[in-house]
Amino acid sequence: DVVELTLPMPVQRLHADPRVQADSGRVALQRGPIVYCLEGDDNGGTVRNLVIPPDAPLTAEYHADLLGGVTVLHGPARALHQADWQGSLYLPATKTPGASNVVFTAIPYYANANRQPTEMRVWLAEKPLAAKPLLPPSIASQAKPTASHCFANDTPAALNDELEPAASDDTKIPRFTWWDHRGTPEWVQYDFAQPQTISNVAVYWWDERRIHANCRVPQSWQLIYKDGDSWKPVADASNYGTQMDEYNRVTFTPIKTTALRLAVQLQPDWSAGILEWRVE
């Protein structure tokens, strides 16, 4: 005997209970029993700025050559960005929202985190206020971040993802840490595709003393830059701050370089990390 069973699996939109404020204005996608997510790998590197309109048509398509063979979802989305950015990274600026039409790709949630580190979202913005518009490209955002060491659950990509920290222990955005190295000299580095003229940076330290006991601001740090084949400290640097819950800005005599490095000394018995590293 042969029994053929056909189970229709239309794409469904799921909304959270209105009392869950974090999911207000957001939607999750499900096909049959499978919950889906968006990864930056399939969506131009970022997903936090995408808005999935409530009436957007959604289609399913099997890809045998992706993640061992998965059915993905496609649909139209609006990619939000901030146009006409005026002013310094450290001063108030005028932000005019803009948007472009794109096609998003969603993969089964069970298949996420099997490629390079990237953004991932399950609860997707359905209303513009729930999305985070991208800032225009900056010197930092276009740089390649690397580090002397990075904890497996963290990523150097957090250094220049342009996500604004709410505090030094903000767990809602990606972070970079040197955990589980303690009391050691470490570094993070930006490599630029073309020589850049730079005169100041700002660092927002990760410090979890209020929630855990592993990371503190570093004992000390300095800026060095690549000059030919050698590394040199910047000249006339202002104070290298280690304050929590704020950007620690350092100004110095302008340099022209293809690589910039933070040389950091961790506190004895403590590790450290960074939420954002800006460059001007």
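This section describes the cores, aromatic contacts, cysteines and selected loop residues of a predicted model.

The nonpolar cores come first. The largest one holds 29 residues. Within it, Val201, Leu223, Leu260, Leu262, Ile274 and Trp277 touch the most other members. Strands β12, β13, β15 and β16 each supply at least two residues of this core. The largest share comes from β12, which gives seven residues. Leu262 shows how such a residue is surrounded. Beyond its neighbours within four places in sequence, Leu262 is in contact with Glu186, Trp187 and Val188. Its contacts also include Val203, Trp221, Gln222 and Leu223. Ile274 and Trp277 complete the list for Leu262. A second core is separate and has 15 residues. Leu29, Leu38, Val47 and Phe104 are among them.

Aromatic rings were examined next. The structure holds six aromatic pairs. One of them joins Trp205 and Trp221, with ring centres 5.5 Å apart. The planes of these two rings meet at 75 degrees, so the pair is edge-to-face; the cut-off for that class is over 60 degrees. Trp205 belongs to strand β12, and Trp221 to strand β13 (residues 220-227). The two residues are 16 residues apart, and their pair links distant parts of the chain. Both Trp205 and Trp221 are buried. Ring pairs also link Tyr190, Phe192 and Trp277 into a cluster. Trp277 thus appears in this cluster and among the residues that touch the most other members of the largest core.

Two arginines lie over tryptophan rings. Arg216 sits over the face of Trp270, 3.9 Å from the ring centre. Arg261 lies over the face of Trp231, and here the distance to the ring centre is 4.4 Å.

The cysteines were checked for covalent links. A disulfide is a covalent bond between the sulfur atoms of two cysteines. The search of the whole structure finds zero disulfides. For Cys150, the nearest cysteine sulfur is that of Cys215, 11 Å away. A disulfide needs the two sulfur atoms within 2.5 Å, so Cys150 is in no disulfide. Cys150 has 22% relative accessibility and therefore counts as partly exposed. Cys37 has a relative accessibility of 1%, so Cys37 is buried.

Asp170 was followed in more detail. This residue is found in the loop between β10 (144-147) and β11 (176-177). Its relative accessibility is 10%; buried means under 20%, so Asp170 counts as buried. The side chain of Asp170 reaches two backbone nitrogens. One belongs to Ala166, and a polar atom of the Asp170 side chain lies 2.9 Å from it. The other is the backbone nitrogen of Lys172, reached at 2.9 Å. Apart from neighbours within four places in sequence, Asp170 is in contact with Glu164, Pro165, Trp206 and Leu275. Asp170 and Asp245 are 75 residues apart along the chain. Their C-alpha atoms are separated by 9.3 Å.

Several loop residues have notable backbone geometry. Glu162 is placed in the loop between β10 and β11. The phi angle of Glu162 is near 65 degrees, a positive value in a residue other than glycine. Asp269 also has a positive phi, near 75 degrees. Asp269 lies in the loop between β15 (248-265) and β16 (273-279). At 58% relative accessibility, Asp269 is exposed, because exposed means over 50%. A cis peptide bond runs from Trp179 to Asp180, with omega near 10 degrees. Asp180 is placed in the loop between β11 and β12 (185-206).

Thr71 is placed in a strand rather than a loop. The strand is β6, residues 70-86. Thr71 has a relative accessible area of 18% and is therefore buried. Leaving out neighbours within four places in sequence, Thr71 is in contact with Arg31, Tyr36 and Ala60. Glu61, Tyr62 and Pro108 are also contacts of Thr71.

Notes
Residues numbered from 1 in each chain as written. Predicted model: local features only at pLDDT ≥ 70, side-chain atom pairs only at ≥ 80, totals over all residues. Heavy atoms only, no water. Helix = DSSP H or I, 4+ residues; strand = E, 2+ residues; numbered from the N terminus. Buried < 20%, exposed > 50% of the residue type's maximum accessible area, 1.4 Å probe, protein only. Contact = heavy atoms within 4.5 Å. Polar contact = N/O pair within 3.5 Å; in protein donor to acceptor, adjacent residues only side chain to side chain. Phe/Tyr/Trp six-rings, centres within 6.5 Å; stacked < 30°, edge-to-face > 60°. Lys NZ or Arg CZ within 6 Å of the ring centre and 35° of its normal. Core = buried A, V, L, I, M, F, W, Y, C linked by side-chain atoms within 4.5 Å.
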